[in-house]
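User: I would like a close look at one part of this model, its nonpolar interior. Please keep the answer connected and state the cut-offs.
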Amino acid sequence: MSNYFEVGLSLINELESKADDWGVKKVGTASDIRGINMQTTPAIYVINTSNTPNANGAIDSRDTQQWTVVIGVSHQAAQRSTSELMRVAGELISQVINHVQGFEIDDYHDAL
């Protein structure tokens, strides 16, 4: 492994490959959820929310990383109808989940 954050970077690249198909204007990252630009939607952000090294022998460790995928959407109809926003957001959320389910960047990392 050449980059500690390789999983997140690979996940961003994988989601960017589908952005045009899904009509997503931005795929990126932020230091935390507060750093998301809510002015550009629809957007997908991959955020590292946890790094936990777990001892696995005398000199080795198995680090567990948690990556959170945040999907930002807006819709004019949502001003009057939350269910319309849920419809639009739900379609994109389903596409993202179906695409990354089981995503594996290499033999070294576990599948998502």
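What percentage of the 112 residues in the chain is buried, and which residues of the largest nonpolar core touch the most other members?

Analyst: This is a predicted model, in which local features need pLDDT (the predictor's confidence in each residue, from 0 to 100) of at least 70, side-chain atom pairs count only at pLDDT 80 or more, and totals for chains, interfaces and linings use all residues. Residues are numbered from 1 along each chain as its sequence is written, and side-chain values use heavy atoms, with hydrogens and water left out.

Buried residues (under 20% relative accessible area, 1.4 Å probe, protein chains only) make up 27% of the 112 residues. The chain follows the pattern α-β-β-β-α, with helices (H or I, at least four residues) and strands (E, at least two) taken as DSSP runs numbered from the N terminus.

The largest nonpolar core (buried Ala, Val, Leu, Ile, Met, Phe, Trp, Tyr and Cys residues joined through side-chain atoms within 4.5 Å) has 15 residues, of which Leu15, Trp22, Val24, Val27 and Ile44 touch the most other members. Helix 1 (6-22), strand 2 (43-55) and helix 2 (82-100) each supply at least two residues of this core, and helix 1 gives the largest share, six residues.

Trp22 touches Leu15, Ile44, Leu92, Gln95, Val96 and His99, leaving aside residues up to four places away in sequence; contact here means heavy atoms within 4.5 Å. Apart from this core lies another, of six residues, including Ala30, Ala43, Ile47 and Val70.

As for confidence, the mean pLDDT of the chain is 84, and 92% of its residues reach 70 or more. Among the elements, strand 1 (residues 26-28) has the highest mean, 94, and strand 3 (residues 61-72) the lowest, 83.

Notes:
Buried means under 20% relative accessible area, exposed over 50%, partly exposed in between (1.4 Å probe, protein chains only).
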